[in-house]
Amino acid sequence: MSALYTAIATADGNGRNGHVRTSDSKLDVQLSFPKEMGGSGAGSNPEQLFAAGYAACFSSALGLIAGQRKIDASEAAVTAEVGLVAGENNAFGLAVTLRVELPESLQGEVGRELVEAAHQVCPYSNATRGNIPVELVVE
């Protein structure tokens, strides 16, 4: 399978207390441990970057599915909550909650079906499926 697009990013420094930059310099972020983990909280962190990417990607998938079904979902908003969780044997994992706020016209079964269908086509959802818990909340 050939890639439709490839993003390239490099992290340097001490990972979570370092710096990350994309090859085109459109994303150039200082990283730091969050205060909740004993850090300064002065920079962003990988979980925030993952949350931003997942929210944007899922929103695009929702728009794609809505367009295919001739439904206007332009007022929908997706919020991704990404939690860093401690696992067994000093391993860490992620847990995600996707909160999809739909306009009043898409409340109920139609909206739920739209969100479920978006979850099937979103690349982030496909990458995480079976690997980490992802909860869908329709609001």
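This tour goes through a predicted model, beginning with its two domains and ending at a pair of strands.

Begin by selecting residues 1-44 of the protein chain, which make up domain 1, and then give another colour to residues 46-138, which make up domain 2. If you mark the C-alpha centre of each domain, you will find that the two centres lie 22 Å apart.

Next, turn to the place where the domains meet, and display the side chains there. On this interface 6 residues of domain 1 are in contact with 5 residues of domain 2, and the area buried between the two domains is about 510 Å², with carbon and sulfur atoms giving 62% of that area.

Now select Arg16 and Glu47, which form a salt bridge in which the closest N and O atoms are 2.5 Å apart. The count of salt bridges between domain 1 and domain 2 is 1. Looking also for polar contacts across the interface of domain 1 and domain 2, you can expect 2 residue pairs. On the side of domain 1 that touches domain 2, the residues divide into 3 nonpolar, 2 polar and 1 charged.

For the last stop, select residues 77-86, which are strand β4, together with residues 92-101, which are strand β5, and follow how the two strands pair in the antiparallel sense over 10 bridges. Within this pairing, pick Thr79 and look across to β5, where its bridge partner is Arg99. Then move to the hairpin of β4 and β5, where 5 residues sit between the strands, and select Asn89, which takes a positive phi near 55 degrees. While the strands are on screen, keep in mind that in a regular strand the side chains alternate between the two faces of the sheet.

Conventions: Residues numbered from 1 in each chain as written. Predicted model: local features only at pLDDT ≥ 70, side-chain atom pairs only at ≥ 80, totals over all residues. Heavy atoms only, no water. Domains from an automatic or database assignment. Contact = heavy atoms within 4.5 Å. Buried area = accessible area lost by both parts, 1.4 Å probe. Salt bridge = Lys/Arg side-chain N within 4 Å of Asp/Glu carboxyl O. Polar contact = N/O pair within 3.5 Å; in protein donor to acceptor, adjacent residues only side chain to side chain. Nonpolar A, V, L, I, M, F, W, Y, C, P; charged D, E, K, R; others polar. Pairing = 2+ DSSP bridges. Helix = DSSP H or I, 4+ residues; strand = E, 2+ residues; numbered from the N terminus.
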